[in-house]
Amino acid sequence: MKDRIAEIQNRIAAAAEQAGRSPDDIRLVAVSKTKPVASVQKALTGGLNLFGENYIQEAREKVDALSGSGAQWHFIGHLQSNKAKYAVKLFDLIHSVDSPKLARELNKQAAKIDKVQPVLVQVNISAEATKSGTSSEETVDLVTAISDLPNLSLQGLMTMPPFFDDPDRARPYFQELRQLRDHIRSLTIPGVAMHELSMGMTGDFEAAIAEGATLVRIGTAIFGERS
Ligand SMILES: *Cc1c(COP(=O)(O)O)cnc(C)c1O
């Protein structure tokens with residue numbers, strides 16, 4: 001595990017350098033979904049402290065087991081409104097807000113626990129029917145709706161391009177997300193920060209860093225294949 005972590009950190013640093021960016025501007029989200037607490041513990045020992053989870057129930061068990069460890073948790077999966085109350089309790093950042101309805105429910109549940117919940121809007125750049133996320137066209141409307149919700153703090157955008165064997169083919173989707181982010185920034189909507197771009201996984205994170213990723217979500221390269 002230690003060797004794998006070092007290798008990924010070196011690749012992130014090299015990709016940043018090649019893009020003329022500081023490696024400090026890129027955070028590694030270690031995607032621990034389906035992996036046991038013991039694996040997360042090893043990753044913590046290996047120097048990682050930020051973990052991504054896709055399922056609420058599974059995440060609750062890990063967050064509980066590792067409370068006091070200093071681990072931070074991000075939610076990166078599809079979130080149903082009826083799980084919003086758990087999500088605001090567990091996660092430092094929710095990457096996957098994709099509808100006004102979910103945003104309103106997260107706002108309501110965050111208010112109940114006196115929290116301002118940091119969130120990203122997930123954009124379905126490729127418009128694949130099987131992927132969640134708001135359409136590129138609807139993104140500005142969703143961002144504007146979120147900016148009116150006092151207990152949500154919008155930090156940026158997230159996307160998941162189609163899978164390609166050749167990561168260069170994913171790059172135009174990453175570029176589009178960055179351009180959409182820059183466009184939204186230019187609108188200077190009050191309360192909207194837009195500094196984060198969550199994009200890039202095991203197979204394509206270097207291409208995502210070349211296009212401006214600030215959060216890369218890497219599972220397989222750290223924890224091994226999922227069964
Ligand atoms: C599982 C998952 C990842 C990690 O994928 P790897 O290919 O294992 O790095 C990243 N992002 C999301 C949204 C995921 O569901």
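Around the ligand in this predicted model we find V31, K33, N54, I76, M160, M201, T202, R217, I218, G219, T220 and R226, where a residue counts as near a molecule if one of its heavy atoms lies within 4 Å of it. The numbering starts from 1 along each chain as its sequence is written, and side-chain values use heavy atoms, with hydrogens and water left out. Because the model is predicted, local features need pLDDT of at least 70 and side-chain atom pairs count only at pLDDT 80 or more, whereas totals for chains, interfaces and linings use all residues.

By class, this shell holds five nonpolar, four polar and three charged residues; here Ala, Val, Leu, Ile, Met, Phe, Trp, Tyr, Cys and Pro count as nonpolar, Asp, Glu, Lys and Arg as charged, and the others, Gly among them, as polar.

Which side chains bring an N or O atom to 2.8 Å from an oxygen atom of the ligand? The side chain of N54 does so, and so does that of R226, while for T202 the corresponding distance is 2.5 Å. The protein covers 91% of the 390 Å² of accessible area that the ligand has on its own, as given by the Shrake-Rupley method with a 1.4 Å probe.

Where does the ligand sit? Its place is the largest pocket, meaning that more than half of its atoms lie within 2 Å of the pocket's grid points. A pocket, on a 1 Å grid over the protein atoms alone, is an open set of points where a 1.4 Å probe fits, with protein on both sides within 12 Å along at least five of seven lines, and lining residues have an atom within 4 Å of a point.

This pocket contains about 590 Å³ of space, a volume being the space filled by probe spheres set on the points. Its lining has 32 residues, and K33, N54, I76, M160 and M201 lie nearest its centre; the lining divides into 16 nonpolar, ten polar and six charged residues.

Turning to the second largest pocket, we have about 160 Å³ of space, lined by residues including Q9, R27, L28, G47 and Q72.

Definitions and conventions. Polar contact = N/O pair within 3.5 Å; in protein donor to acceptor, adjacent residues only side chain to side chain.
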